[in-house]
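Open the model in your viewer and set it to cartoon, with side chains available on demand. Each stop below gives a selection and then what is found there.

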Amino acid sequence: MNTMTTPADTEFDQTRQEIRRVFDAQRATALRLRQSGKAERLLKIRKLKSALLAHKDEVIAAGFADFGKPAAEVDLTEILPVIAEANDAIRKLGSWMKPKKVWPSRMMIGTSAYTQYEPKGRVLIVAPWNYPVNLSLGPLVSALAAGNTVIIKPSEMTPHASAVIGKIIRAVFAEDEVALFEGDAPVAQALLDLPFDHIFFTGSPAVGKIVMAAAARHLASVTLELGGKSPTIVDETADLQAAAQNILWAKFTNNGQTCIAPDHIYVHASVKEAFLGHCVTALESAYGKGAQQIDSTSLARIVNQRHTARVKTLLDDATARGARIVTGGVVDEVQRYIAPTLLDGIPDEAKIMSEEIFGPLLPIISYEQLDTVIARINAEPKPLALYVWSRKQANIAKVMQQTSSGGACINHCVVQFLHGNLPFGGVNNSGIGSAHGHHGFLAFSHERAVVRNRIMLAKMFYPPYTSLTRKLISLFVKTV
């Protein structure tokens, strides 16, 4: 049976060949960059920063075209984090790159030792659609600081942002240093088929497993920034007004399409009604009342109609099973609009209780005992973030000691992402490895252990193994 080659097949074959050509071209550059110094790396970071600022208006326009995203949100969530990442690297790269001396252990008396940081080589950054500029260029800063070559694969779901990112990359870098390839799943698979030295992926746990499996074929290291259902706890001692304002800001920024957004709230039964009142007030203050919200210039849209339909399905399933809409619930699939929605009385079997929401729906769950909440959190996969609102230190300590999450905030939400001196990453289902600042530099670096001999004490253990050798070994076993 004859098979026909379509124009699409031919075009993809050409894309695959182009990907391979650029990947091969980056090999020589990666070898040269092993000897790159601070000045060369900082020059690239400074040029990237300048190019991003020069294209700021285009980034803002792209955010609106892809998401209907407010300009202030683009500044705050797309541009500011990259500039902060670049500035941190500019200030600290010299100390990050410097070999770190270590004291000899007892077994290593007579030697000196240090850790040398070397580039991993050719790296791949696979960026998501929800914060396309931030989550492409932020990791790029870390990769450049560590001295790598880079290929970036942005999401095809935000074409306007991808186009601007490509424009910035081409304005600053030769393709054998940093290149960008746009496209959907086949392009991503063509990239994953290549033997990169490191892959940095941001996205869902399901796709993260595919990326990790592809990396395993080449024994490539990975950084996986994934997601999960990040819980929030509001106890009976919390500042309810502050909690409501902050949690709803964190939740509905980017219309809920944030991997570290509060996914659901456990609120103590004694303060639930008061807390809900503060939430409704905070929503109306931020986005207007009722039908006014669809015209709010402070509220982004769902990325596309398919995701709008997915979130609507979660809402419809919850209400069909008896959940109560406290506020919101309005859906316009054509405009990719779902009103900021608070849900109460959600049964455990509702899909929204097991699937990551990634949209403007916020379940409110009443509780009586903190132990019950902790047990529910521990019964689920480890989340990327956990938030606790309390003025009772014993409750805070209990939650921190008895749960696990990639990161956490006490009386705040989502700002752990902006803290450049903290590692940002998940644990198990929510991710592997860390990013940002020095931790991002380390993610793209190999920490090479170097030992330099000064006194050759090891010759005491050379064969033939005499009774004296055995006594010396026994002495070391007792004293090391």
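The tour of this predicted model goes through a helix, a β-α-β unit, a buried loop residue and some aromatic side chains.

**Stop 1: helix α6**

Select residues 159-172, which form helix α6. At 1.5 Å a residue, these 14 residues should span 20 Å, and the end C-alpha atoms are indeed 20 Å apart, so the two values agree. Now show the side chains of A161, S162, V164, I165, G166, I168, I169 and V172, the buried residues of α6. In an α-helix, with 3.6 residues a turn, residues three or four places apart point the same way. To see what covers the buried residues of α6, add α2 (38-54), α3 (56-67), α5 (134-145), β4 (149-153) and β5 (178-180), which are included in the cover.

**Stop 2: β15, α13 and β16**

Next select strand β15 (residues 385-389), helix α13 (residues 393-402) and strand β16 (residues 407-410). Together β15, α13 and β16 make a right-handed β-α-β unit. The two strands run parallel and are joined by 4 bridges; L386 stands opposite A408 in β16. Which side chains of β16 are buried? G407 and C409, which point to one face, are buried, while A408 and I410 point to the other and are not. In a regular strand, side chains alternate between the two faces of the sheet.

**Stop 3: D263**

Move to D263, in the loop between α9 (240-252) and β9 (264-268). The relative accessible area of D263 is 4%, so D263 counts as buried, the cut-off being under 20%. Measure-tool users can pick the backbone nitrogen of I357, which lies 3.3 Å from a polar atom of the D263 side chain. Leaving aside neighbours within four places in sequence, D263 is in contact with K229, S230, K251, E355, E356, I357, L361, L362 and P363.

**Stop 4: aromatic pairs**

Finally, show the aromatic side chains; the count comes to 8 aromatic pairs. One of them is F200 with F444, a stacked pair at 5.6 Å centre to centre and 15 degrees between the planes. This pair links distant parts of the chain, 244 residues apart: F200 is in strand β6 (residues 198-202), and F444 is in the loop between α14 (437-443) and β18 (445-453). F200 counts as buried because its relative accessibility is 4%, and F444 counts as buried because its relative accessibility is 0%. End by selecting F67, W129 and F358, which form one aromatic cluster.

Conventions:
Residues numbered from 1 in each chain as written. Predicted model: local features only at pLDDT ≥ 70, side-chain atom pairs only at ≥ 80, totals over all residues. Heavy atoms only, no water. Expected span 1.5 Å × (residues − 1). Buried < 20%, exposed > 50% of the residue type's maximum accessible area, 1.4 Å probe, protein only. Contact = heavy atoms within 4.5 Å. Pairing = 2+ DSSP bridges. Right-handed = clockwise from strand over helix to strand, strands pointing away. Polar contact = N/O pair within 3.5 Å; in protein donor to acceptor, adjacent residues only side chain to side chain. Phe/Tyr/Trp six-rings, centres within 6.5 Å; stacked < 30°, edge-to-face > 60°.
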